[in-house]
Amino acid sequence: MNASGTLGYGKEIEPLWGVETMGAYVTKGLSLKPHHGNPTPRVWEERGGMINSIGLQNVGVERFFKEHFPYFQKKATPVIVNFFGFTEEEYIWCAAAIKPDKLIVALEMNLSCPNIKEGGISFGKEPTMVQSIVRKGEKRYGHPLIAKLTPEVSNIVEIARAACEAGADGLTLVNTMPAAVVDTRSRCVPIRGGLSGPVLKPVALRAVYDCARAVSIPIIGAGGIMDVTDALAFFMAGARVVQVGTATFVDPYASRKSSRVSTPTSIHANVRR
């Protein structure tokens with residue numbers, strides 16, 4: 001699969017290859033209402049990685065299903081809907097706005113968003129907060145629920161257990177790491193965002209390895225997967241499926257060059273187990 005946000009709305013990659021060749025397409029993070037995102041610059045290349053500060057720009061759930069989802073229906077491509085909110089209520093409302101469809105195999109809850117009511121603390125940093133929001137939504141979503149966790153915690157196993165105990169059907173490990181750029185030529189800090197790419201792989205592998213031995217739900221590995229060898233490392237660490245992100249910016253054909261790691265049916269089954 002692709003990592004959320006790295007293939008736009010699917011059509012962008014069509015001139016090069018079709019989304020129907022993927023195990024599943026993961027949407028950009030969708031919010032209840034359209035979100036404008038951050039001003040430019042939004043992407044910065046670093047040695048061994050990339051920093052992005054897109055700011056969760058998206059068209060919102062309603063427009064996505066009206067304007068973009070028919071494309072996946074035409075292609076018969078399974079979809080995992082990544083979604084987020086700035087309050088617990090927004091998470092619930094956003095997921096409730098996602099209409100059931102046979103092509104939607106799961107929802108991926110982005111737990112790396114700031115919680116406005118709690119002074120900017122990310123939802124995914126506190127076990128009690130993770131447990132609360134997953135438990136409140138798990139019974140209402142109508143789809144398997146995957147919790148996407150941030151590595152910006154002191155004990156990710158504790159967070160994973162909280163999500164599992166609250167009813168999550170799977171975990172995506174991990175999201176980007178907080179990072180910044182200092183441009184010495186212009187004497188400014190042009191980007192404060194999330195670090196991805198090969199430099200993130202050892203962090204992600206550690207998270208997958210530790211969590212796979214602590215929880216019984218399936219794990220989706222993500223973070224610095226650039227080739228087949230990287231994907232195999234995640235499987236050996238305990239992941240059932242992998243997501244490819246930054247590699248696509250380096251080589252748009254990266255996913256196609258890798259071995260197919262799962263079929264749509266097995267992804268759905270893995271998440272439900």
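## N110, a buried polar residue

N110 is buried in this predicted model, with a relative accessible area of just 7%; the cut-off for calling a residue buried is under 20%. You'll find N110 in strand β5, which covers residues 104–110.

What does the side chain of N110 pair up with? It makes a polar contact of 3.4 Å with the side chain of N175. Leaving aside residues up to four places away in sequence, N110 touches L56, N82, F83, F84, Y91, K148 and N175. One of those neighbours, Y91, turns up again among the residues with the most contacts inside the largest nonpolar core.

## Two nonpolar cores

How many residues does the largest nonpolar core have? The count is 67, and the residues with the most contacts inside it are Y91, L111, V134, L149, L171 and L173. There is also a second, separate core, this one of nine residues, and among them are M1, A24, V26 and V105.

## Strands around β11

Strand β11 (residues 188–196) pairs with β3 and with β10. With β3 (residues 49–52) it runs antiparallel, and three bridges join the two. If you want a landmark in that pairing, look at I51, which stands opposite L195 in β11.

On the β10 side (residues 177–183), the pairing is again antiparallel and takes in six bridges. Here D183 stands opposite C188 in β11. The hairpin of β10 and β11 has four residues between the strands, and R187 takes a positive phi near 55 degrees there. As general background, side chains in a regular strand alternate between the two faces of the sheet.

## A salt bridge by the hairpin

D183 has another partner to check: its side chain meets that of R185 in a salt bridge, at 3.7 Å from N to O. Are these two residues buried or exposed? They split: R185 counts as exposed at 73% relative accessibility, whereas D183 is buried, with a relative accessible area of 12%.

## Salt bridges between distant parts of the sequence

The structure holds nine salt bridges in total. In general terms, side chains of opposite charge can pair when their charged atoms come close.

Take K75 and E20, whose side chains meet at 3.5 Å, N to O. K75 sits in helix α1 (residues 61–75) and E20 in the segment before β1 (25–26), so this salt bridge ties together parts that are 55 residues apart in sequence. K75 is partly exposed at 22% relative accessibility, and E20 is partly exposed too, at 38%. The pair doesn't stand alone, either: salt bridges that share partners join E14, E20 and K75 into one network.

Then there's K117 with E89, where the closest N and O atoms of the salt bridge are 3.3 Å apart. Why does this pair link separate parts of the chain? K117 lies in the loop between β6 (114–115) and β7 (121–122), while E89 belongs to helix α2 (residues 88–96), so the two tie together parts that are 28 residues apart in sequence. K117 counts as exposed, at 57% relative accessibility, and E89 is partly exposed, with a relative accessible area of 33%.

Technical notes. Residues are numbered from 1 along each chain as its sequence is written. This is a predicted model: local features need pLDDT of at least 70, side-chain atom pairs count only at pLDDT 80 or more; totals for chains, interfaces and linings use all residues. Side-chain values use heavy atoms; hydrogens and water are left out. A salt bridge is a side-chain nitrogen of Lys or Arg within 4 Å of a carboxyl oxygen of Asp or Glu. Buried means under 20% relative accessible area, exposed over 50%, partly exposed in between (1.4 Å probe, protein chains only). A polar contact is a pair of N or O atoms within 3.5 Å; within protein, one must be able to donate a hydrogen and the other to accept it, and residues adjacent in sequence count only if both atoms are side-chain atoms. Contact means heavy atoms within 4.5 Å. Two strands pair if DSSP finds at least two bridges between them. A nonpolar core is a set of buried Ala, Val, Leu, Ile, Met, Phe, Trp, Tyr and Cys residues joined through side-chain atoms within 4.5 Å.
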